[in-house]
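This briefing walks through selected side-chain contacts and a pocket, grouped by topic. Please keep the sequence and the structure in view while reading.

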Amino acid sequence: MCKCAWQEYFDVRSRTCGIWYKTIQPQISLRPWVDSIQMSTLYIKLAMRLRSGHILGNKFGYLMKKVESPNCRDCGVVEDIQHVVLECARNERLRLNYFKVFEYNAGQINTILAYPSSDEATMMFKLTDICLRNNVDD
Ligand SMILES: [Zn+2]
């Protein structure tokens, strides 16, 4: 009964807040997904940030009042996960190397993140880590 009430609250609340997360995790779980997998602490952090939509890009930095603009300094568009991993010119070479293997697109990111222990998700965490380091190192 408690799970049903929680799911009902989650369904209603997700219409206005946490919409991104709802596309990744439409059903509540009684056990955290990290309980059943072996993964490095770094990738667990990246997975949680990606699944919640809170990666350390300018969009999130702007929301946290840490940077003056939510936009990518090279491309001039909002720097969210989709931009960093799939669109940013700075990461094009990295992206091409990874896409040769997985060939995923923006519409598939949340599907991949729904299965954080999959090979595709692990590769996305690795690519995101490299892209974010690439953004900081310039
Ligand atoms: Zn960019």
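Does Arg133 count as buried, partly exposed or exposed, and at what relative accessibility? Arg133 counts as partly exposed, at 47% relative accessibility. The model is a predicted one, and the points below take up its salt bridges, an aromatic pair and the largest pocket.

**Salt bridge within helix H8**
- A search of the whole structure finds three salt bridges, and one of them joins the side chains of Asp129 and Arg133, with 3.0 Å from N to O.
- Asp129 and Arg133 are separated by about one helical turn, because they stand four residues apart in helix H8, which covers residues 119-137.
- Asp129 is buried, with a relative accessible area of 14%, whereas its partner Arg133 is partly exposed.

**Salt bridge between two loops**
- Asp74 forms a salt bridge with Arg90, and the closest N and O atoms of this pair are 2.3 Å apart.
- Asp74 sits in the loop between H4 and H5, while Arg90 sits in the loop between H5 and helix H6 (92-102), so the salt bridge ties together parts that are 16 residues apart in sequence.
- Arg90 counts as buried at 16% relative accessibility, whereas Asp74 is partly exposed with a relative accessible area of 48%.

**Contacts between helices H1 and H2**
- The side chains of Asp11 and Lys22 meet in a salt bridge of 2.4 Å, N to O, and this pair links distant parts of the chain, with Asp11 in helix H1 and Lys22 in helix H2, eleven residues apart.
- Asp11 is partly exposed, its relative accessible area being 29%.
- The whole structure holds two aromatic pairs, one of which is the edge-to-face pair of Phe10 and Tyr21, with 6.4 Å centre to centre and 85° between the planes.
- This aromatic pair also links distant parts of the chain, since Phe10 belongs to helix H1 (residues 2-13) and Tyr21 to helix H2 (residues 19-24), eleven residues apart.
- Phe10 counts as buried at 15% relative accessibility, while Tyr21 is partly exposed with a relative accessible area of 29%.

**The largest pocket**
- The largest pocket holds about 370 Å³ of space, and of the 18 residues that line it, the closest to its centre are Trp20, Gly53, Lys59, Asp80 and Ile81.
- Its lining divides into eight nonpolar, seven polar and three charged residues.
- At least two lining residues come from each of H2, helix H4 (58-63), helix H5 (81-87) and helix H7 (109-113), and H4 gives the most, with three residues.
- Domain 1 (1-30) and domain 2 (33-137) both give residues to the lining, so the largest pocket lies between them.

Technical notes:
Residues numbered from 1 in each chain as written. Predicted model: local features only at pLDDT ≥ 70, side-chain atom pairs only at ≥ 80, totals over all residues. Heavy atoms only, no water. Phe/Tyr/Trp six-rings, centres within 6.5 Å; stacked < 30°, edge-to-face > 60°. Buried < 20%, exposed > 50% of the residue type's maximum accessible area, 1.4 Å probe, protein only. 1 Å grid on protein atoms, 1.4 Å probe; cavity = no way out; pocket = protein on both sides within 12 Å on 5 of 7 lines; lining within 4 Å. Points joined across faces, edges and corners; volume = space filled by probe spheres on them. Nonpolar A, V, L, I, M, F, W, Y, C, P; charged D, E, K, R; others polar. Domains from an automatic or database assignment. Salt bridge = Lys/Arg side-chain N within 4 Å of Asp/Glu carboxyl O.
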